[in-house]
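Colleague: I would like a close look at a single part of this model, with the rest of the chain brought in only as context.

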Amino acid sequence: MIYGAMKLKDRGSMLSTVPFFNTVSYADAIGFSVYGYEGIGMIMPVQDITANPESYHKIVYAVIGVTCTMFVVFGQFCVVAWGSDMVTPLITDNLPDGIISYVVLGLFCINLFFSYPLQLYPVNVIVDNIFFSDWEKTPKRQFSKNTTRSITVGLSVVATILLGDKLDKFLSILGAIACTPIAFLFPALFHYKVSAKTQKQKTIDMVILIFAVSAMGYCTTMGILGWAGDEDVMKLKYANFNPNKPPTPTTLA
């Protein structure tokens, strides 16, 4: 935020260098936004281990509201500050070389270090219930559980290395495939089957179900089709964008 404010002071707003609507990879934004619900699967497991489960919902509402506001404000601020220069999936790539950048990256790594175990907690619970629910509590059981957790961490590291600069594409597809059912499809389906009594409630559930299935199929398809080459296309579109006339399609030679 501080460096972005310095950029704004030096050269002003860069919003005019970015097309109003991204016709190349707008579907990625939908999938990536839905990926923001990836933590929804942690709500109930974490509630089971909280000291005061009865007040847990208030914390959830506050966290979702604050996080959503921060995401929107920070995203818009970065677009205004960097404009067409922001062509990589990580905003930290736009920071200049220097001690401040290294401090920011270090703090980011610390955040990942402490938040990653929390994100893996639901995965570990599921794996433990599948493989070790019938085992007696022995050192062998504990060693086996630690082994599976190490394998999970190793696989995630390998996947991150292999994905490289396609991390945003992967998260978009993952959000469309995995997070859309968790955030929209399953809750609406369960409510329709169990709790919906009136026709209005059933209609709302059906609308959400249709939206979830449509978004999942469309965003997944667009993400897979645009897996390769979109970064180069985006750079050309931004480089050739003229704010004084509508953007024209740009193709690679």
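Which residues of α4 are buried?

Modeller: In this predicted model, the buried residues of α4 are Y56, V60, F77, C78, A81 and W82, and among the elements that cover them are α1, at residues 2-11, and α3, at residues 43-47. Residues three or four places apart in an α-helix point the same way, because such a helix has 3.6 residues a turn. Helix α4 itself takes in the 27 residues from 56 to 82, and its length can be checked: at 1.5 Å a residue it should span 39 Å, and since its end C-alpha atoms lie 38 Å apart, the two values agree. Directly after α4 comes G83, which has a positive phi, near 60°.

As for the context, the protein has nine helices and zero strands, and buried residues account for 25% of its 253 residues. Of the contacts with a separation of 6 or more, 71% join residues that are 24 or more positions apart. The exposed area of the protein comes to about 17200 Å², of which carbon and sulfur atoms supply 70%.

Beyond α4, a nonpolar surface patch is formed by I99, I100, Y102, V103, V104, L105, L107, I110, F113 and F114, which together have about 1100 Å² of accessible area. One of these residues, V104, is found in helix α5, at residues 99-131; with a relative accessible area of 34%, V104 counts as partly exposed, because that value falls between the 20% and 50% cut-offs.

Methods:
Residues are numbered from 1 along each chain as its sequence is written. This is a predicted model: local features need pLDDT of at least 70, side-chain atom pairs count only at pLDDT 80 or more; totals for chains, interfaces and linings use all residues. Side-chain values use heavy atoms; hydrogens and water are left out. Helices (H or I, at least four residues) and strands (E, at least two) are DSSP runs, numbered from the N terminus. The expected span of a helix is 1.5 Å times one less than its number of residues. Buried means under 20% relative accessible area, exposed over 50%, partly exposed in between (1.4 Å probe, protein chains only). Contact means heavy atoms within 4.5 Å. Accessible areas come from the Shrake-Rupley method with a 1.4 Å probe; for residues, only the protein chains shown count as cover. Patches are made of residues with over 30% relative accessible area and no salt bridge: like charges are joined within 9 Å, nonpolar side chains (Val, Leu, Ile, Met, Phe, Trp, Tyr) within 5 Å. A salt bridge is a side-chain nitrogen of Lys or Arg within 4 Å of a carboxyl oxygen of Asp or Glu.
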